[in-house]
Amino acid sequence: MSSVDIRSVSKLYGDVVALEDVTLRFGEGEFFGLLGPSGSGKTTLLRSIAGFVEPNSGQILIEGSDISRIPTHKRDIGMVFQNYALFPHMSVYDNIAFPLSVRRMASAEIKSRVTQILDLVQLAGYGGRRPRELSGGQQQRIALARALVSRPRVLLLDEPLGALDKNLRSQMQIELRQIQREVGITTILVTHDQEEAMTLSDRIAVFQKGKVVQVGRPDELYERPKSAFAAEFFGATNFLSGAVESAGDLAVIRLRDGTKLMTTDRLGPRVNEVALTIRPEKILISGSNAGKDEVDDQPMNAIGGNVVRSVYMGASVTYKVATAAGELTVFQQNRETRLLQAGEAVRLTWLPHHTIVLAAPIA
Ligand code: ADP
Ligand code: MG
């Protein structure tokens, strides 16, 4: 178990800025996700930690010591890539034993370690097979076993489940997390899949164009995104903007059409215009004649509108609702409530603390 410190790391490829002044700390034993769209610099950071990429500036430390002068093979790091090819001509056993054999470890020790790690990835008894005789998920578990067998200080995973189909992928996510917990190794996972990052990570760093735009636990990033980019990346959301009418514990924002919304978010000093976001599942929808709101002893935001269309999705219904403030998306859990029809007048309500104030205006 080791901590990894990234200090002001930048990397340029010609005039492409792959990483710009990235500072991050991965704690001991932490499972940390690097999340962002393709080309945002995630792999470049991972390869910099591994030693395949040399940053133009900044420092990388493992357990407090600078690793810039340590060659890749001495950094004591395990890696798994999406297409991390196993050696096809070697048995599963020899594939896993490989990192130990090159270190000239005694064969009795190799045997005990390989047996132990095959157990860990639940493939005991598969040592004699060739990689092509295994399924995609099994092959990826062998790649993981090979990365872990030398007991590295840090495990780096670059889209390791990207080649697997959806069901196998979610099953492997659970297994991966379980194995990581058992070994207790500091793990850094690159993914562009928001759900995968949330399922697996203790904390996540969101990358945008080579920069880290937000770091937090999955729930913090989902419930309190700081930018429109982060809000959208973590799932469907609604955007509104308006002028600050009054600040305080319960601030009031006036939208262009005059609608006033309350929020419990703190507004910075001298802020006039703000961008807001509201998650679709936080909004309650009811027919306009439904009477009182469900939460009646708390102040609620409310806005009237008309259903534009509804999409029945089984577990939930998605409504598009036209309001004076613009079209809003609402997710309603399917509890056998009557399906609202297009054109029907409705009332939307939500709690003040579900009106999220974004730090930056919507671009
Ligand atoms: P991600 O893993 O988030 O998809 P990368 O770290 O692979 O992003 O890439 C970040 C940026 O750096 C991209 O614009 C990519 O085209 C560029 N880049 C990455 N590797 C190289 C390279 N070896 N040569 C030139 N440009 C590169
Ligand atoms: Mg990548």
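Trainee: What makes the link between Thr44 and ligand 1 a polar contact?

Mentor: A polar side-chain atom of Thr44 lies 2.5 Å from an oxygen atom of ligand 1. A polar contact is a pair of N or O atoms within 3.5 Å; within protein, one must be able to donate a hydrogen and the other to accept it, and residues adjacent in sequence count only if both atoms are side-chain atoms. The Thr44 value is within the cut-off, so the term applies. Bear in mind that this is a predicted model, where local features need pLDDT of at least 70, side-chain atom pairs count only at pLDDT 80 or more, and totals for chains, interfaces and linings use all residues. Residues are numbered from 1 along each chain as its sequence is written, and side-chain values use heavy atoms, with hydrogens and water left out.

Trainee: Which backbone atoms lie by an oxygen atom of ligand 1?

Mentor: A backbone N or O atom of Gly39 is 2.6 Å away from an oxygen atom of ligand 1, and for Gly41 the distance is 3.0 Å.

Trainee: Why are the side chains of Arg224 and Asp265 said to meet in a salt bridge?

Mentor: The term asks for a side-chain nitrogen of Lys or Arg within 4 Å of a carboxyl oxygen of Asp or Glu. Arg224 and Asp265 stand at 3.1 Å, N to O, so the pair qualifies. Between domain 1 and domain 2 the count is two salt bridges.

Trainee: How do you know where the domains run?

Mentor: The bounds come from an automatic or database domain assignment, which gives domain 1 as 4-229 and domain 2 as 236-357. Their centres, taken over C-alpha atoms, are 40 Å apart.

Trainee: What is in contact between domain 1 and domain 2?

Mentor: Six residues of domain 1 and eight residues of domain 2 are in contact (heavy atoms within 4.5 Å). About 630 Å² is buried between the domains, meaning accessible area (1.4 Å probe) lost on being put together, summed over both. In domain 1, Tyr222, Arg224 and Pro225 lose the most area to domain 2.

Conventions. Chains are lettered from A and ligands numbered from 1 in the order in which they are written. Buried area is the accessible area (1.4 Å probe) that two parts lose on being put together, summed over both.
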